[in-house]
Structure formats: C-alpha cells, structure tokens
Amino acid sequence: MNKRTERPALEFAGVSLTYHTKQGETLAAADLSFTVEEGEFIAVIGPSGCGKTTLLSLAAGLLAPSSGSIRVYGEAPERGAGRFGYMLQRDELFPWRTVEQNIRLPLEIRRDRSPEAAERALALAEKYGLGGFLKQYPDRLSGGMRQRAALIRTLATRPDILLLDEPFSALDYQTRLNVCDDVYHIIRSEKKTALLVTHDISEAISVADRVLVLSARPARVVAAHALGFGDIAPLRRREDARFTGWFETLWKELNV
C-alpha cells in the first residue's frame, strides 16, 4: 500500500446532488461526506437505485454537486480529471481492434504517441498474462481475460485513482471470483487507489480495506467499516472466520 500523503486522494464534504426535470426536483444524494486515502481500496454498497454510480460520476467531475465540495488531492475534480481511470460493468473492448490496439486506445485518445507510453502499456499486458494474446481479437478471449484487458487499458494512462463500476457483474459466478482475485492483485501490485461500487456484499468484503454503506435515495453514508483483513487476497478472505460476521453486519445495515 502506498505511503499516505498529507491530503486524501479523494474527499467528499457535505455533497448533495439534485436532479432537475420537467416533473420537478429529485434529491439523489444528501450530505455525502467521506475520504479515500492514497493507496486505499474502498467499496461502496447500497440498495438498488440509491445512486452508487452517481457517486462515481461526482468523483470524476462528470457531475457537479448541487452543494458541498469534492477534492481530488486537494483540487477541484475538473483539475484532477487526469488522475482517474474508469472501469465499467462491461469490458467495452472494440471487436474490430486487437487486444493490443484496445489497450493502446486511451493513449490514442490523449494523442500520446510516445514510444515510452506504448511500451509501458504493453509491459503491463505482458506482466499480467496477456502477452500471448496481444494480436488476438476480443472474441477469442474468455470473459475473465477480456476484463483483465479492460483493466490494463484503464491503467495505460497511469491514473492515480481507479473508479470501478460493478466491473464483475456481467461475469458468471465462478469467473467473477477468479477475476476479482486477479483485479485485486493487479491494483495492489500497481499501488493504485480504488473506489469500487457494487451491489454484492461478499465482493465488497473480499476486496476492500473499508466499506461504506449508503442509504436508499437520497444516498447518505449510514455506516463505514474498516474490515481489518490487511492484504489477504479475496479468495482467502472468503475462507476467513471474520467473513461471515462482516456479511451479517452489512446485510443488516442494508436492510434496516
């Protein structure tokens, strides 16, 4: 885990968000306050439709809060936009591009044509088991390998903070367990800060340093727990005696 800096990697202070429509106003989030320290892996859980993805959009500066403030290493989100990497529910690999071309896509978008950036991205692919598949097209990869390629693509621009929007939800259960383990190890190895939103309590417990529990809309932080597993990997955590206790605690808080 990275050495802590003086300022949190991400800070929400009294953040509220109101949507305005023809039908009126909808309060989506109310007084959200929490921090994510550098090197932490934070999971956010909450009822369906409570605004978990909205929280990620606020963090990345894609939405502006109606009140309160958000800081990314002490700066406004728009000034820290380049610090984020966003990983979606589906891998969204382009089928007409090879794995290598997909991984290099963020560099093309940023018009970063430096050989060093390309070499760094491809070195990540080699390091994490995709070296033999760089010339293949996505339809030749398993679901787990596709998601690994999506993470390498996200890391290609060297973001400081990863925003993970239920990245395992499209996978079958067994693949999800293995990919979750893979992604955890890659994020830890690359010493990244991560904010994951998920509807899966077990998944949250298996990867996070801390879990934040949101209420139904309007989303509020109703509980925050430091799990205390340290660097124990996801699959091993599920076998830990503490796992069931945390599951019961979080289940009750979600169903108050």
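**Exercise 1.** Does aspartate 231 count as buried or exposed, and at what relative accessibility?

*Solution.* Start with the cut-offs: buried is under 20% relative accessible area, exposed is over 50%, and partly exposed lies in between (1.4 Å probe, protein chains only). Aspartate 231 has 55% relative accessibility, so this residue counts as exposed.

A word on the model: it is predicted, so local features need pLDDT of at least 70 and side-chain atom pairs count only at pLDDT 80 or more, while totals for chains, interfaces and linings use all residues. Residues are numbered from 1 along each chain as its sequence is written, and side-chain values use heavy atoms, with hydrogens and water left out.

**Exercise 2.** Find the salt-bridge partner of aspartate 231 and place both residues.

*Solution.* First, the term: a side-chain nitrogen of Lys or Arg lies within 4 Å of a carboxyl oxygen of Asp or Glu. The partner is arginine 188, with 3.8 Å between the closest N and O atoms. Next, aspartate 231 sits in the loop between β9 (221–226) and α7 (234–237), and arginine 188 in helix α5, so the bridge ties together parts 43 residues apart in sequence. (Helices are DSSP runs of H or I, at least four residues; strands are E runs of at least two; both are numbered from the N terminus.) Finally, arginine 188 is buried, at 15% relative accessibility.

**Exercise 3.** Describe the salt bridge between arginine 210 and glutamate 40.

*Solution.* Their side chains meet at 2.9 Å, N to O. Arginine 210 belongs to strand β8 (residues 210–214), and glutamate 40 to the loop between β2 (24–36) and β3 (41–45), 170 residues apart. Both residues are buried.
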